[in-house]
Amino acid sequence: MKNWHFSIHPAGVLCLLTSLLFVPANRLLAVALAVMIHEGGHLVAMRLCSIRHLEVEWTPLGFVAQAAGYPMLPTGKRLAIAAAGIGASGAAALLCLPFARQVYFAYQLLECNASLLLVNSLPVLPLDGSRVLLALAGKLGWEQNVERLLLLLSYLCSAALCMLGLYSAFQGTFNPLLLALGPYLAYAAHESVHSGGVYTVRRFEQRPGMVPGRLYPARTYAVTGPAEAAQCLRAAGHCPENSCLIVHQVDAVTGAVVCTLTEHQVKKTIFGEDKK
């Protein structure tokens, strides 16, 4: 996979350190293998759908990938990419099933793959189940309404996790992962909608043109090298409604501005066509 950038979210560091301290080594290895299988399914599907730019971040929810131009892909490709991870976890669980009784590690791997299958099937942003629903809703033109509903459901799940964490602490079985996962789930759901989701695409696509003679504030972003569709879409998600979006391409060494993209050019980069 070309142009594959990996990063670790601060909350992901906390999750990783907690896992190293409290999770047995063989269990941690089973989790790592299950996550690799799950994400491998996504990567294969992205490769088949001609995705070349990918940003992968380690979070408390596992690996979260942002593929360049994913919201603009045809419905069938979005559905295939979203369902590929679930399918890979399900297939791995079935392969482990015949050996689970004889080999304890196979049982652990079966349990981890089945857990990933069940958790990622939930209709909660930014999990795969929500992306499958959004892809299906795209065929009916219900994307925005379904995305709002999923965002509300994600906030409710976040609150439930926080309450469960507080209840466990009250019962004397404090679990810091629950308290870390709850707020992060709300944050991740919000970011998936407002920094690359259907809402961002539709809002930016339908932005009204500028009125001649009117003074507009400008929101400026810089990127090293050519601006990709995913980077432009992320900048658009953080640009206020009444501001003009400008993206500078700068030299990674000197910081000098090599090229400047106007909002019109940013739209062409995102949508792949002439948008006014």
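Select Arg27 and Glu111: their side chains meet in a salt bridge, 2.4 Å from N to O. The term means a side-chain nitrogen of Lys or Arg within 4 Å of a carboxyl oxygen of Asp or Glu. Arg27 lies in helix 2 and Glu111 in helix 4, so the pair ties together parts that are 84 residues apart in sequence. A search of the whole structure finds 1 salt bridge.

Before moving on, a word on the model. It is predicted, so local features need pLDDT of at least 70 and side-chain atom pairs count only at pLDDT 80 or more, while totals for chains, interfaces and linings use all residues. Residues are numbered from 1 along each chain as its sequence is written, and side-chain values use heavy atoms, with hydrogens and water left out.

**Stop 1: the two partners**

Are Arg27 and Glu111 buried or exposed? Arg27 has 26% relative accessibility, so Arg27 counts as partly exposed. Glu111, at 32%, also counts as partly exposed. Here buried means under 20% relative accessible area, exposed over 50%, and partly exposed in between (1.4 Å probe, protein chains only).

**Stop 2: helix 4**

Select residues 104–120, which form helix 4. Helices (H or I, at least four residues) and strands (E, at least two) are DSSP runs, numbered from the N terminus. How far apart are the end C-alpha atoms of helix 4? They are 24 Å apart, which agrees with the 24 Å that 17 residues should span at 1.5 Å a residue. The expected span is 1.5 Å times one less than the number of residues.

Now colour the buried residues of helix 4, among them Leu109, Leu110, Cys112 and Leu116. What do the buried residues pack against? Show helix 2 (25–48), helix 3 (75–96) and helix 5 (128–140) to see their neighbours. Contact means heavy atoms within 4.5 Å.

**Stop 3: two rings**

Stay in helix 4 and select Tyr104 and Tyr107, 3 residues apart, about one turn of the helix. The structure holds 1 aromatic pair. The ring centres of Tyr104 and Tyr107 are 6.3 Å apart and their planes are at 25°, so the pair is stacked. Rings of Phe, Tyr and Trp (its six-membered ring) pair if their centres lie within 6.5 Å; planes under 30 degrees apart count as stacked, over 60 as edge-to-face and the rest as tilted. Tyr104 is exposed, at 55% relative accessibility. Tyr107 is partly exposed, at 39%.

**Stop 4: Gly76**

Go to Gly76, in helix 3. Gly76 is partly exposed, with a relative accessible area of 45%. Add Ala135, which is 59 residues away along the chain. The C-alpha atoms of the two are separated by 7.5 Å.

**Stop 5: strands 4 and 5**

Select residues 218–224 and 244–250: strand 4 and strand 5 run parallel, joined by 7 bridges. Two strands pair if DSSP finds at least two bridges between them. Add helix 9 (residues 229–237), and you have a right-handed β-α-β unit. With the strands pointing away from you, right-handed means that the path from the first strand over the helix to the second runs clockwise.

Which residue is the bridge partner of Val223 in strand 5? Pick Gln249. Gln249 is buried, at 15% relative accessibility. Not counting residues up to four places away in sequence, Gln249 touches several residues, including Val223, Pro226, Val258 and Leu261.

**Last stop: the whole protein**

Zoom out. The protein has 10 helices and 6 strands. Of its 276 residues, 42% count as buried.
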